[in-house]
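Visitor: I would like a close look at one salt bridge and at what surrounds that pairing. Could you take me through this slowly, explaining each term as you come to it?

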Amino acid sequence: MQQVCLLTVVSLFVTSAQCKTPGLQTRITDRALEYATEVALDILSKQVTGQQIPDQHGQSGDVKFDITGMNVKQFTKPSSRVSLIQNVGLSWSTSGTGLAIHGDFKYKYRKGIIKISDHGSFDLKANGINFQVKIEIGMDGTGRPTMKAVGCSCNVGSADIKFHGGAAWIYNLFSGQLENKLKDMVGGGNGLLCKQLNTLIDVNGMKSLQKLPVTVQIAKRFLLDYRFLSKPSFQTNFMETYHKGEVYWNAVPVDAPFAAPPLLKSSDTSRMMYIWLSDYVFNTMSYNALKYNQLQYNVTNKDLPSGVLNTTCPQSTCIGKIIKAIGTKFPNTTVMLYMKSTSMPNMTAQNGSTVVNASGDIVFFAQQPGGKYTYFLTLSATMSTTISLMIQNEKVFAKVLKLPISVTVKDSKIPVSPEGLNFIVKGIVSVFVEPKLNELGAAGFPLPVINSVHFTNTQLTVAKDTLLIATDLKYSG
């Protein structure tokens, strides 16, 4: 991406005073904006250097001149400052910019019978260039951010021109007028620098915003919605944004029947960016997964260590050997477990710990000749899974720390002993469920960032209903 980094950082997350509790909130501090302007000026230097300047023609007294082939040879980085304007956006100002311009000239001098014409080249050095531009940041009707350059101004402190070739005394006749022309071309609201800045913000910047992921597909079935709830909010030293932060069923995007809880409050601004991620984001995904029958699975021998679900096993451990009634009633076959959630898995973040509570049924069938299955047992299962969370590559990853599972007999056609239940929990359910949960956690939960911006020096805090990510940023565009 060849845009100014300032625009990129602003493009990450943009919104304000919310009309409903957000599922995701961000804070971009003045440290991030200061870093962004430094990178922005590097990019602006590359874009301005080599820029062609339109030919100029003029007359000063008895001298007519033509200036052609002008281009910027050098851009000297200025000092810069970004300030936040309440209810508007940003103000970006610089001082001490320098430009070196090279071009060709030709002139005709005519006074009475004296006629002189010549040509050559020149080098112009413009110093003390200051510019200021406001960036209005808003939101369109689809929940995407918008930005617009407003009121760009630029002035040139001094310009010094040096000619090569021709008669020096004639240059004095039009050099002053030429210097003023070139100063006007570089400075002013319609000059070279303001045109470049307006293009960067209004054209290139908006193209960058279109790449910002405000909706992300998950597993081709779910839609993660990071659209903005309202316009930006700007304070003295940071801007805050509020996002919907909800996961929908992709084919039928309908709001969940519960609201996001309040997020943790924090006044910290020591890092470049802060992201508050509500457990509402994960719970809306669980809600839709249950509603659209995604939390059910047929467990067979292919999902477990070899032979565990066999009903006959003379030389190994299997379900038919531990629960003898199964081996007696259904010899020389295998068992299938139909596992399904009976309520929405609920994630709760609090005091440094993240727990997922879930409940469901485990229904047992014995395979019969011809591919038919005979039902014989239903267990009710509950689990309270403690998970660890980490941030890597701008995603949230999870891993199971504890997976206590308890089961009770809900319905049975056979007698089941406590040892049999213990075997089912430890030898079958846990062996299947834990790797599946870790597989989901290893896929990562995407955060709304552009590819060219990366997290560094990142810290994750788990508080009530909130994952708070504090991070610095690095631009790699």
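Guide: D472 and R31 form a salt bridge, and their closest N and O atoms are 3.2 Å apart; the term stands for a side-chain nitrogen of Lys or Arg within 4 Å of a carboxyl oxygen of Asp or Glu. Side chains of opposite charge can pair when their charged atoms come close. This pair links distant parts of the chain, since D472 belongs to strand 25 (residues 466-475) and R31 to helix 2 (residues 30-48), 441 residues apart. Helices (H or I, at least four residues) and strands (E, at least two) are DSSP runs, numbered from the N terminus.

Before going further, please keep in mind that this is a predicted model, in which local features need pLDDT of at least 70 and side-chain atom pairs count only at pLDDT 80 or more, while totals for chains, interfaces and linings use all residues. Residues are numbered from 1 along each chain as its sequence is written, and side-chain values use heavy atoms, with hydrogens and water left out.

The two partners also differ in how much of their surface is accessible: D472 counts as buried because its relative accessibility is 10%, whereas R31, at 34%, counts as partly exposed. Here buried means under 20% relative accessible area, exposed over 50%, and partly exposed in between, using a 1.4 Å probe and protein chains only.

Within the whole structure, a search finds nine salt bridges. One of them joins D361 and K410, with the closest N and O atoms 2.9 Å apart. D361 lies in strand 19 (residues 353-367) and K410 in strand 22 (residues 405-412), so this pair ties together parts that are 49 residues apart in sequence. D361 counts as buried, with a relative accessibility of 8%. Another salt bridge runs between K464 and D465, where the closest N and O atoms are 3.6 Å apart, and D465 is buried at a relative accessible area of 14%. Salt bridges that share partners also join E38, D42 and K77 into one network.

Returning to the beginning of the chain, we can look at R27, which is placed in strand 1 (residues 24-29). R27 is buried, with a relative accessible area of 5%, and its side chain makes a polar contact of 2.6 Å with the side chain of E240. A polar contact is a pair of N or O atoms within 3.5 Å; within protein, one must be able to donate a hydrogen and the other to accept it, and residues adjacent in sequence count only if both atoms are side-chain atoms. A polar atom of the R27 side chain also lies 3.0 Å from the backbone oxygen of D268. By contrast, R27 and Q59 are 56 Å apart in space, C-alpha to C-alpha, although 32 residues separate them in sequence.

For the wider setting, the chain is divided into domain 1 (49-209) and domain 2 (250-467), with bounds that come from an automatic or database domain assignment. The C-alpha centres of domain 1 and domain 2 lie 63 Å apart.
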